[in-house]
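Trainee: I should be grateful for a close look at a single helix of this chain, together with an account of how the rest of the model is arranged around the ligand and the core.

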Amino acid sequence: MEVTDTPTEKIKLANIPNGTSVNPIKHIQLMMKDARAFMNQKHQKLGQVWEDKILGQRMIYVNDPAFIKHIFAKNRNNYKRTKNIEILKMGLGNGLVTSDGELWQNQRKLMQPAFHAQNLIKLFDVMAAEIESFMKELEAKRGTEIDFHREFMDITGRVVFKAMFSDEPAQSVASFYDIMVEGQRYLTKVIRNPLAKYWYALNGETKKFKQRKQRGEDALLHSVNKRKASKVKKPDLLQMLLDATYEDSNEYMSERQLLDELVTIFAAGHETSSNALTWTMYLLDKHPEVIEKLRKEINEVTPDKLPGYEELKKMPYLQQVIDESMRIYPPVWLVTREAIDEDEFAGVKINAEDIVLLCIYSLHHDASIYTNPETFNPDRFADGMNKKYSKNLSYFPFGGGPRKCIGFMFATMEIRLILVALLQKFDFKINPDQKVEMEALITMQPKYGMKAQLI
Ligand code: HEM
């Protein structure tokens with residue numbers, strides 16, 4: 001398929017289709033039950049751009065690459081986080097994910113260098129060491145039933161924690177991790193059902209959440225202060241964030257802001273990678289021919305030890321497999337924004353306070369962009385096609401424009417390393433008797449986990 005950069009002819013119309021159902025209750029019910037399936041069905045029926053109105057709120061569903069580019073990049077200053085972000089702020093404070101405007105801009109500028117390739121090389125050894133010790137633990141589970149999703153949540157949590165606090169012992173990782181997981185569980189329940197927060201305020205869940213959050217922050221602060229007092233500089237994210245100063249004032253990040261950013265990095269950086277890994281194993285299990293081709297590539301580069309940073313670049317098929325997996329199962333399936341002021345694209349009028357929804361899942365499954373979109377075919381991304389699709393935003397698992405995922409290089413490095421380590425050491429079989437379903441909350445997880453056996 002030719003990847004182009006021009007607005008789609010189809011949306012050159014002022015009146016975009018209205019997908020509001022005759023029965024508004026039914027409409028909301030369908031949306032609440034499975035928003036991903038709902039949006040995807042509407043997309044297939046109504047086209048790449050359509051709108052609806054729920055309780056007086058106009059929503060515009062944008063799945064046209066050029067329109068997406070307009071929102072992400074060309075007129076990005078007109079779009080901010082939606083009001084739902086307030087729920088996430090209960091857990092993440094005002095870190096990169098939840099902030100907007102000047103605060104976001106200053107933080108992004110300050111933190112961006114820590115995620116540049118030359119700094120990620122410094123994190124490579126920490127990452128590889130954690131993955132190797134994880135593989136030893138998996139060795140002890142060979143032949144037993146494991147849940148890939150739980151295992152990957154564990155390793156990606158450990159990797160991102162160690163990338164921040166390279167000198168903290170495994171024990172600290174485990175206790176911080178438990179606090180975060182519990183916190184995320186609470187927030188997910190509130191996001192899924194906004195009325196739940198009133199009940200949780202009464203039954204004590206909210207209090208417990210706040211206490212846990214405080215315990216997590218106290219633990220983080222303890223580690224931060226230990227590091228500040230130490231004369232030794234570590235090659236990790238915490239050190240980079242402690243040493244970074246704002247361009248204008250030359251000042252360091254405040255303690256409050258640093259804590260919010262550390263929690264944000266942990267939260268944004270492990271469930272997503274874990275989903276990508278789990279769905280990749282699911283797809284690989286169904287495609288032994290892809291595993292064979294992958295193993296051939298791995299054997300040619302490094303048959304029995306983890307690849308180094310440069311060696312990873314010699315494995316293009318590995319990258320294609322991951323890209324194709326994130327096309328079919330994008331770990332973050334939806335990105336939303338609220339319009340600040342009026343806007344227009346290709347005749348489509350957007351009013352202030354309209355919500356725009358960019359459904360990564362629907363776009364990645366659009367048959368006018370991808371031939372046989374439901375087929376797992378890593379070869380569609382051969383010869384640099386993955387870069388072309390990304391450039392014009394026909395493929396955007398990491399978002400786009402200046403708010404594109406800050407951790408995307410970190411994630412792809414980590415996911416590639418874990419996959420190589422697994423395929424070098426194990427064969428595997430996904431349990432064929434289980435129910436596998438997508439659950440699209442903030443991220444897209446396998447609803448019932450992913451039971452498997454390592455052989
Ligand atoms: C496969 C793994 C990952 C996927 C699919 C993913 C996806 C995304 C997406 C789609 C966004 C943009 C959301 C928006 O525009 O509203 C985002 C933002 C972000 N991601 Fe990731 N992410 C992944 C891994 C990571 C990792 C490993 C980290 C950190 C180590 C991370 C940290 C962040 C942060 C801090 C933001 C907010 C950036 C900003 O607004 O400036 N992510 N991610």
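Mentor: A residue is called buried here if 20 or more other C-beta atoms lie within 10 Å of its own, and exposed if 12 or fewer do. The model is a predicted one. With that cut-off in hand, consider helix α8, which covers residues 170-192. Its buried residues are Phe176, Ile179, Met180, Gly183, Tyr186, Leu187 and Val190. An α-helix has 3.6 residues a turn, so residues three or four places apart point the same way. The buried residues of α8 pack against α4 (85-92), α7 (148-164), α9 (196-203), α10 (205-229) and α12. As for the length of α8, its 23 residues at 1.5 Å a residue should span 33 Å, and the end C-alpha atoms are 32 Å apart, which agrees.

Helix α19 (408-425) may be set beside it. Its 18 residues should span 26 Å, and its end C-alpha atoms are indeed 26 Å apart. The buried residues of α19 are Phe410, Ala411, Thr412, Met413, Glu414, Ile415, Leu417, Ile418, Leu419, Val420, Ala421 and Leu422. These pack against α6 (117-139), α7, α13, α14 (288-301), α15 (309-312) and α16 (316-328). Helix α7 thus appears among the partners of α8 and among those of α19.

The nonpolar core comes next. The largest one has 100 residues, and those with the most contacts inside it are Val62, Met164, Val356, Cys359, Ile360 and Ile418. Helix α19 gives this core its largest share, 10 residues. Cys359, leaving aside its neighbours within four places in sequence, is in contact with Met39, His43, Tyr61, Asn63, Trp333 and Leu334.

Helix α19 also takes part in the surroundings of the ligand: α12 (255-268), α13 (271-286) and α19 each supply at least two residues of the shell. That shell comprises 23 residues, of which Gly269, Thr272, Gly399, Cys405 and Gly407 come nearest to the ligand. By class, 15 of the shell residues are nonpolar, six are polar and two are charged.

Helix α16, one of the partners of α19, contains Met326. This residue counts as buried because it has 25 C-beta neighbours inside 10 Å. Beyond its neighbours within four places in sequence, Met326 is in contact with Ala276, Pro331 and Pro397. Met326 and Arg256 are 70 residues apart in sequence, and their C-alpha atoms are 34 Å apart in space.

Two loop residues offer a contrast. Most residues other than glycine have a negative phi. Asn250, in the loop between α11 (237-243) and α12, has a positive phi, near 65°. It is exposed, with 7 other C-beta atoms within 10 Å. Asn372, in the loop between α17 (360-364) and α18 (385-391), has a phi near 45°, likewise positive. Asn372 counts as exposed because it has 9 C-beta neighbours inside 10 Å.

Finally, the chain as a whole. Its secondary structure comes to 19 helices and 12 strands, and 39% of its 455 residues count as buried. A compact globule of 455 residues would have a radius of gyration near 23 Å, and the 22 Å of this chain agrees with that. The C-alpha atoms fill a box of roughly 60 × 50 × 45 Å along the principal axes. Among contacts between residues at least 6 apart in sequence, 75% join residues at least 24 apart.

How values were computed
Residues are numbered from 1 along each chain as its sequence is written. This is a predicted model: local features need pLDDT of at least 70, side-chain atom pairs count only at pLDDT 80 or more; totals for chains, interfaces and linings use all residues. A residue is near a molecule or strand if its C-beta atom, placed from the backbone, lies within 6 Å of it. Helices (H or I, at least four residues) and strands (E, at least two) are DSSP runs, numbered from the N terminus. Ala, Val, Leu, Ile, Met, Phe, Trp, Tyr, Cys and Pro count as nonpolar, Asp, Glu, Lys and Arg as charged, and the others, Gly among them, as polar. The radius of gyration is taken over C-alpha atoms; the globule rule is 2.2 Å times the number of residues to the power 0.38. Two residues are in contact if their C-beta atoms, placed from the backbone, lie within 7 Å. A nonpolar core is a set of buried Ala, Val, Leu, Ile, Met, Phe, Trp, Tyr and Cys residues joined through C-beta atoms within 7 Å. The expected span of a helix is 1.5 Å times one less than its number of residues.
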